[in-house]
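Welcome! Here is a friendly walk through one protein chain, starting from a single residue and widening out to the whole. Take a look at the structure first, then read on.

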Amino acid sequence: MNNYSIFEESKKYIPGGVNSPVRAYKDMGITPPVISSGSGALIFDEDGNQYIDFVGAWGPMILGHCDKDVVEAITSTASKALAFGAPTKLELELAKLICTTTDIDLIRMVNSGTEATMSAVKLARGYTGKNKIVKFAGCYHGHYEGFLVSAGSGVMTEGIPGSAGIPQDHVKNTIIAQYNDCQSIEEIFKVHGDDIACVIIEPVAGNMGVIKAKDEFMDKLHSLCVKHNSLIIFDEVMCGFRVAYKGAQTLFKFKPDLVTYGKIIGGGLPCGAYGGRKEIMEMLSPMGPVYQAGTMSGNPLVMAAGIATLKKLHLDSKNYDKLNDLGKLLEDGIIKIAESNKLPVKVNRVGAMLTIFFTDLSEVSNYDDAQKCNVDMFKKYFKHMLSSGFNLPPSQFEALFLSLAHTEEHIHKFLEAFQGFCSKFSL
Ligand SMILES: Cc1ncc(COP(=O)(O)O)c(C=O)c1O
């Protein structure tokens, strides 16, 4: 069977042929490659094509595909521990690693980013006794009902304003603010201030393309939350352990009350976690009244993969310099090529995550800016790069990810293909 026949047959058994919508490449108008294996920075499809991969499973593969230490940790654990539904030493090890690195007091493991964010919001509501939550247009926090309003990435690419199947009641407590807009957040707190349990934010957004929160905006957000006894949740499911050694929270002047993780901390296996200040986290069952549980939470294989990934990442403090240097090489190269071809682009990058926005705006700093981009040009770029052997996120509103398995040679090859695209399509 080849890519096409596998995907066509999958559609008979799996809605749209995929287990998560962005994988269908629907907006790109093509059949996605069906991936058979990966190694380092490369992945291979069922037709035998090779791609240099800049998706990295949407973030987790920061060490590259099938890193030998991660695989070894999973296989050696599998021979003695698949699942017990009981405490294990591996859970302690990963929890300690994350808490000590990021300076949070307590952490609870779950099975996905969505589970982490929805549980963090429930905890914030339980702790504050308030109901309303604020999220930002273009930020995605998973598919929990209260979040599927102006939710970025997949939802944005498919042009669906929210989702069917969500009773109005479930979103009536979700208030939408504009990212990087002090006035928007001030107005919301003026009207709803004392009813707001929490503000949830991607401090480095990746789901409307890469956009970093500005310092003055974050300072304003922090002061309003302190004034109104509302918690701040940093959703670091995507940017945690990707943009900085100790997590994205170290890029800002204050610490969030709660943080959510996923992707990288599971080393490629299904994982999520949420953590924060002791007095908040101790509201969780069995210590407190906020109930959250999971048969598979803290699964031994996932813990082993996460420990191996974080240990390797943190083994050498220069790893993040390397990721940043590769990111900068890519960013500078794209800008130079685009300029020399008179192709208007704006490149947003934070460490090893980057988006090329096809736009002549001088900055892309929120959802409205992102929506003004030339998605037709993005499609041409995406198709050109795919056919040149580069696996990229199939949406203007996603981030491209680098890993420690990428080399300068991979970046130069990307730039060569980008030059080919510019020669073909720019004016
Ligand atoms: C910032 C952010 N939060 C939450 C999620 C949801 O994570 P998951 O897909 O593991 O449920 C994602 C997924 O991409 C994300 O990017």
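S230 counts as buried, because its relative accessibility is 4% and the cut-off for buried is under 20%. This is a predicted model, so please read every value below as computed from that prediction. You can find S230 in the loop between α8 (215-227) and β10 (231-235). Which residues is S230 in contact with, once its neighbours within four places in sequence are left aside? They are K130, F189, G193, I196, A197, C225 and D257.

**The strand that follows**

Just after this loop comes β10, and five of its five residues are buried, so the strand is largely enclosed by the rest of the structure. In a regular strand the side chains alternate between the two faces of the sheet. You can follow this in β10: L231, I233 and D235 point one way, while I232 and F234 point the other way. The residues of both groups are buried.

Which strands does β10 pair with? One partner is β7 (residues 196-201), joined to β10 in the parallel sense over four bridges. Here V199 stands opposite I232. Another partner is β11 (residues 258-262), which also pairs with β10 in the parallel sense, over three bridges. In this pairing, D235 has T260 of β11 as its bridge partner.

**A small antiparallel sheet**

Strands of a sheet pair through backbone hydrogen bonds, either parallel or antiparallel. For the antiparallel kind, move along to an open sheet of three strands, in the order β13-β14-β16. Its edge strands are β13 (346-350) and β16 (400-401), each of which pairs on one side only.

β13 and β14 are paired over five bridges in the antiparallel sense, and V350 stands opposite M353 of β14. The two strands form a hairpin with two residues between them. In that turn, G351 has a positive phi of about 55 degrees. On the β16 side, two bridges join β14 (residues 353-357) to β16, again antiparallel. There, L354 stands opposite L400.

**Backbone angles to look for**

A few loops hold backbone angles that you may like to find in the viewer. The peptide bond from S285 to P286 is cis, with omega near 15 degrees. P286 itself lies in the loop between α9 (278-281) and α10 (300-315).

Two residues other than glycine have a positive phi: Y25, near 60 degrees, and W58, at about 70 degrees. Are Y25 and W58 buried or exposed? Y25 is buried, with a relative accessible area of 8%, and W58 is buried too, at 17%. The table sets out where each of them is found.

| Residue | Phi | Relative accessible area | Loop |
|---|---|---|---|
| Y25 | near 60 degrees | 8% | between α1 (3-13) and β1 (35-39) |
| W58 | about 70 degrees | 17% | between β3 (50-53) and α2 (68-78) |

Helix α1, which comes before the loop of Y25, holds E8. This residue is partly exposed, with a relative accessible area of 28%. The C-alpha atoms of E8 and G294 are separated by 34 Å, and the two residues are 286 apart along the chain.

**The whole chain**

Now step back to take in the full picture. The protein chain contains 14 helices and 16 strands. Its radius of gyration is 21 Å, close to the 22 Å that the globule rule gives for 427 residues, so the chain is as compact as a globular protein of that length. Along the principal axes, its C-alpha atoms fill a box of roughly 60 × 55 × 45 Å.

How many of the 427 residues count as buried? The share is 57%. Among contacts with a separation of 6 or more, 71% come from residues 24 or more positions apart.

Seen from outside, the chain exposes about 18,200 Å², and carbon and sulfur atoms supply 53% of that area. As for charge, there are 42 positive and 47 negative side chains, and the centres of these two sets lie 1 Å apart.

Technical notes
Residues numbered from 1 in each chain as written. Predicted model: local features only at pLDDT ≥ 70, side-chain atom pairs only at ≥ 80, totals over all residues. Heavy atoms only, no water. Rg over C-alpha atoms; globule rule 2.2 N^0.38 Å. Buried < 20%, exposed > 50% of the residue type's maximum accessible area, 1.4 Å probe, protein only. Contact = heavy atoms within 4.5 Å. Areas by Shrake-Rupley, 256 points an atom, 1.4 Å probe, with all protein chains shown as cover. Lys, Arg positive; Asp, Glu negative; His and termini not counted. Charge placed at Lys NZ, Arg CZ, Asp CG, Glu CD. Pairing = 2+ DSSP bridges.
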